[in-house]
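Visitor: Please bring up the sequence and the model side by side. I would then like to put my questions one at a time, moving from single residues to whole chains.

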Amino acid sequence: MKELLIGFNAFSWQSAIMIFIGLILIWLAIKKEYEPLLLLPIGFGTILVNLPLSVVLEHEGASGFLKILFDAGITTELFPILIFIAVGAMCDFTPMFKQPIMMFFGVAAQFGIFATIIVASLLGFDFKTASSIGIIGAADGPTAIYVATRFAKDYLGPISVAAYSYMSLVPLIQPIVIRSMTTKKERRIRMAKIDKNVPASLRIGFPVIVTLITGFIAPMSVPLIGSLMFGNLLKESGVVERLSKTAQNELGSITTLLLGITIGSTMQAEKFLTISTLKILGLGLVAFIFDTAGGILFAKFLNIFLKDKINPMIGAAGISAFPMSARVVQKMAIDEDPGNFLIMQAVSANVSGQLGSVIAGGLVLALVPILL
Amino acid sequence: MQDIIQFIKNESALVKSLFLMIIAIPITFLVQLIFYLIIHAWISFFNKSKGKKG
């Protein structure tokens, strides 16, 4: 009789809470469409791993399928790398090439990463973990996962959930920060449209150049940037359309599916239901606020010297959350002045943010071990 | 530089974080600046050679 009730006897209230959290993630994915590609598998993985005895992880000394996936794809860092190839194949840097000056907003809006690392250190996290938490500010899920895999495997679950949740909450977070930091007059600034011809050779050469340069400046970042740029080269070369489409679709989908459910498997009650998780979720929000603020302040700083002023909202679009951030800026610009079209500049800054976040992530990977 | 890094290594996570911010943001700017100059030069060269052909 005892054996028949083994599932009930091995169940704890903590596991019940985690299953509830898993259900919330699934609800957010389906009902609210918050990053469903990731939150749905993470939510289901969370349920699986918190069912009695957690046989998906281990049973009678043998690894369960989620443990096998974790060892194969997370411990080896393979899944995030494959995701980067897929993301690279989806990236289009053309808007950035048309207005390369916007590239600097892609750096300024990474301020949140480093500010959050400081705040996380103040809250008592060790340097490696603080760095992984700060990377939530990259507003780039795969980068956050990759750095967390390297530096803070135990916190992979909360860091991933925070990264993807706040990315989907960009339309709620950014307008509040933008409004609090800019005047109505600033938000109404119109910017001239610069539309340069972009040679195909630049689109093809750029991923190779980026890989070479970053490879010399921060060799530790090569897996991250190299795989992103490899995916981009597949797309831009125009001669391997089949591979490019495979990277964008099949590879991206399969890896996202496996990555999501495997991240869910790290969300066991004893690891997740801690004060640290709450701190990480709070710090994720801090990171996004600092990112937005960093971009806006940089635009305001440039305006001190510029004759043709920059709309400071463009600075906020320098985060990597593409295309949500650019959309937020365009919508706010139209709300203030129906004739103000900032979409080109905002997309340009947003694409630059995608590159900036990976570079910042690569630098964190390169510099943190040196300081340990 | 080696002395500074050695000094930082023995400091707290907070000092390390501050140091990381101080060096990482300028390096990120520098890297983007290099990319900016390359893109700018590439497009200028392309437009110039296109203009000559025209």
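**Burial, contacts and the interface**

Visitor: At what relative accessibility does A:Ile263 count as buried?

Guide: A residue is called buried under 20% relative accessible area, exposed over 50% and partly exposed in between, using a 1.4 Å probe and protein chains only. A:Ile263 belongs to helix α16 (residues 241-264) of chain A, helices being DSSP runs of H or I with at least four residues, strands E runs of at least two, both numbered from the N terminus. A:Ile263 counts as buried because its relative accessibility is 0%.

Visitor: What pLDDT do local features need in this predicted model?

Guide: Residues are numbered from 1 along each chain as its sequence is written, while chains are lettered from A and ligands numbered from 1 in the order in which they are written. Side-chain values use heavy atoms, without hydrogens and water, and in this predicted model side-chain atom pairs count only at pLDDT 80 or more, totals for chains, interfaces and linings use all residues, and local features need a pLDDT of at least 70.

Visitor: How many of the 11 residues of helix α10 of chain A are buried?

Guide: One link to this helix runs through A:Ile263, which touches A:Ile145 among other residues beyond four places away in sequence, a contact being heavy atoms within 4.5 Å. A:Ile145 is itself on the list of buried residues of α10(A), which also includes A:Gly141, A:Tyr146 and A:Phe151. Helix α10 (residues 141-151) is mostly covered, and its buried residues number 10.

Visitor: Leaving aside its neighbours within four places in sequence, which residues is A:Asp337 in contact with?

Guide: A:Asp337 lies in the loop between α20 (324-336) and α21 of chain A. With 12% relative accessibility, A:Asp337 counts as buried. Beyond its sequence neighbours within four places, A:Asp337 is in contact with A:Arg188 and A:Arg190.

Visitor: Which backbone oxygen does the side chain of A:Ser121 reach, and at what distance?

Guide: A:Ser121 is in helix α8 of chain A and is buried, with a relative accessible area of 9%. Not counting residues up to four places away in sequence, A:Ser121 touches A:Ala130 in its own chain as well as B:Ala13, B:Leu14 and B:Ser17. Its side chain reaches the backbone oxygen of A:Ile117, at 2.9 Å.

Visitor: What gives the most to the side of chain A that touches chain B?

Guide: The two chains bury about 3,400 Å² between them, 86% of it on carbon and sulfur atoms, where buried area is the accessible area (1.4 Å probe) that two parts lose on being put together, summed over both. The side of chain A that touches chain B draws at least two residues from each of several helices, including α8 (111-122), α14 (200-217) and α21 (343-371). With 10 residues, the element that gives the most is α21(A).

Visitor: What is the radius of gyration of chain B?

Guide: Chain B has two helices and zero strands. Its C-alpha trace spans about 65 × 20 × 10 Å along the principal axes, and 33% of its 54 residues count as buried. The globule rule (2.2 Å times the number of residues to the power 0.38, with the radius taken over C-alpha atoms) gives 10 Å for 54 residues, so chain B is more spread out than a compact globule, its radius of gyration being 20 Å.

Terms used:
A polar contact is a pair of N or O atoms within 3.5 Å; within protein, one must be able to donate a hydrogen and the other to accept it, and residues adjacent in sequence count only if both atoms are side-chain atoms.
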